[in-house]
Amino acid sequence: MNVVTRFAPSPTGFLHIGGVRTALFNLLFARHHGGKYLLRIEDTDKKRAVKDAIDAILDGLNWLNLNSDEKPVFQSNNRERHQRVATELLSAGLAYHCYCSQEELLKMRENARVSGTSRLYDGKWRNKDPAEAPRDVAPVLRFKTPTNGTTKINDLVQGPVNVSNEQLDDMILLRADGTPTYLLSAVVDDHDMGVTHIIRGDDHLTNAFRQIQLFKALKWDTPIFGHIPLIHGPEGGKLSKRHGALGIDHYKKQGYLPDALVNYLMRLGWSHGNDEIFTLAQAIKWFDISNVGKGPSRIDFNKLDSINSHYIKEADDEILVGLIKEAVIEKLNLSECSNIEQRLTDAMPGLKLRAKNLMELIDSSLFYFKKGPLSFDKKALLILDKVAKERLKKLTSSLEKIYPWNPEIIQSTLKDFSKNEEINLGEIAQPLRAALTGTTISPSIFEVASILGKEETMARIKDILNN
RNA sequence: GACCCCUUCGUCUAGUGGCCUAGGACAUCGCCCUUUCACGGCGAAAACACGGGUUCGAGUCCCGUAGGGGUCACCA
């Protein structure tokens, strides 16, 4: 079978993490089977569809390298086609006009609740003579759902699920203004796009039963469904804004690497044995939808951070420099010069070992570029006491003699110094770190001094001694 | 409320009836490395929701119970 999948987000808000994972699984499944992965923007609700949201979806997928194999389909462009299909259903006797008012529907719903059924519409106009239709009411078009039997799906993820047709009421195909509803549009588009496998969040599971009725009525092949569980927040509840339900652009702003985010999301709800770190290409080879878990999984920022720091460590220094350079320049209000790029590149191996995300990477690199005198944090000030300053003063003459100025010689100089002074290496290394970086945390202080250069190193020490 | 789905360490998960004395990863704790913080290495603690079956044997199959979730619009 030639597999075709699609990701079909509605552009009503932003592209969130759950949507991304749905897109990812659709891509993984299609590519694994050598098929196509398509994107369809479900923008039929003109009131809510926003151009910004469409851009957010496109930008987000692009950033994550999850672009669809063909140009996105905009559902709103197919409206007339959807309407024609609805009309066909009407003339085939498979749909009918319903003239119920909102008040009537509300009452039916109440009745249904009281009598304990999920069949909300009672079928009032299903068998009425169209001649009884009120003149002044624009009708909706409803589908004649079979009243007996059961609808079965053999879900790729959830397994066999059956629902009695009695539970299904007559869904609206066309609104009173003639526009098609989601249930109809999605079915027609899936058919027209040749979609063979519908992989989506399991909040759509109940929709599958209604949509199957439409596929059958239209005598179209019914796609195979795979309903993947939703992602929950860290506390197990619905994903909230406080807990991860942010646009994917926020993850970008927070300094997550796209590959890391994709790796984390692939591993959330799907597994390949005990593998934790793997590329999209590997996952495509391995992907088997039967290994997608049935239960919802919680987002875990600790693990995301851990994977992100792994990817940062593995990333090429030049790439990381490119990603943070602008921000460093902006934060310190520096004027652009090649020196910044060079120094960042030199410092990157030490810096990237300690960063969970790009924000930390940026912040931890700033001291390399600050113009003296530095500002010092509490711990640094505590270290830079009288004794420490005395030692630094003594150290300067040793440092002056160093040539060439490189980490190894700086290290041996400090070691010799501590030996001569009969102190621990830390008793001179920590004051030096505080003097050069303004903090007590940094990469190897020999490396730091080396990258700063002799002149800058001496200048920063002098700043301390003069205060 | 009705219908449907789900349930292995705190979290993500491995597990497809004997390989399970339940494995890995994140987080936590301890030790080692070390000029700091990290990284890295080693180790510890930590789970089959509960109750019944089926079977020689059950985390794995079946049935209940409890808990969690989803859906129930002229939204998608």
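## Two backbone features in loops

P404 lies in the loop between α15 (386–400) and α16 (407–421). In this predicted model, the peptide bond that joins Y403 and P404 is cis, with omega at about -10°.

A second loop, between α6 and β10 (224–228), holds K219. K219 is not a glycine, yet its phi is positive, at about 60°.

## The surface near RNA strand B

Around RNA strand B there are 65 residues, and those that come nearest are L120, R175, G269, N274 and R354. By class, the residues of this surface divide into 28 polar, 20 nonpolar and 17 charged. On the RNA side, sugar or phosphate accounts for 68% of the strand B atoms within 4 Å of the protein, and bases account for the rest.

Polar side-chain atoms meet both bases and phosphate of the strand. In the side chain of E276, an N or O atom is 2.9 Å from a base nitrogen of RNA strand B. N207 also faces a base nitrogen of RNA strand B, with a polar side-chain atom 3.3 Å from it. For S297 the partner is a phosphate oxygen of RNA strand B, 3.3 Å from an N or O atom of the serine side chain. Several elements give two or more residues to the surface near RNA strand B: the helices α4 (102–114), α6 (205–217), α10 (301–314), α17 (426–437) and α18 (445–452), together with the strands β7 (159–164) and β12 (297–298).

## The largest pocket

A probe the size of a water molecule, rolled over the atoms, shows where empty space is left. The largest pocket holds about 1100 Å³ of space. Its lining is made of 36 residues, and S10, H16, G19, D203 and H204 lie nearest the centre of the pocket. Two or more lining residues come from each of β1 (4–7), α1 (17–32), β9 (197–201) and β11 (231–232).

Which element gives the most to the lining of the largest pocket? Helix α1 does, with five residues. The lining residues of the largest pocket divide into 14 nonpolar, 13 polar and nine charged.

## A three-stranded sheet

Strands of a sheet pair through backbone hydrogen bonds, in either a parallel or an antiparallel way. Here three strands form an open sheet with antiparallel pairing, in the order β4-β5-β8. The edge strands, β4 (95–98) and β8 (172–174), each pair on one side only. From one strand to the next, the twist averages 45°.

Strand β5 (residues 140–143) runs antiparallel to β8 and is joined to β8 by two bridges. Within this sheet, R142 stands opposite I172 of β8.

Technical notes:
Residues numbered from 1 in each chain as written. Chains lettered and ligands numbered in written order. Predicted model: local features only at pLDDT ≥ 70, side-chain atom pairs only at ≥ 80, totals over all residues. Heavy atoms only, no water. Near = heavy atom within 4 Å. Polar contact = N/O pair within 3.5 Å; in protein donor to acceptor, adjacent residues only side chain to side chain. Helix = DSSP H or I, 4+ residues; strand = E, 2+ residues; numbered from the N terminus. Nonpolar A, V, L, I, M, F, W, Y, C, P; charged D, E, K, R; others polar. 1 Å grid on protein atoms, 1.4 Å probe; cavity = no way out; pocket = protein on both sides within 12 Å on 5 of 7 lines; lining within 4 Å. Points joined across faces, edges and corners; volume = space filled by probe spheres on them. Pairing = 2+ DSSP bridges. Axes fitted to C-alpha atoms, helices over the stretch in contact; angles between N-to-C directions.
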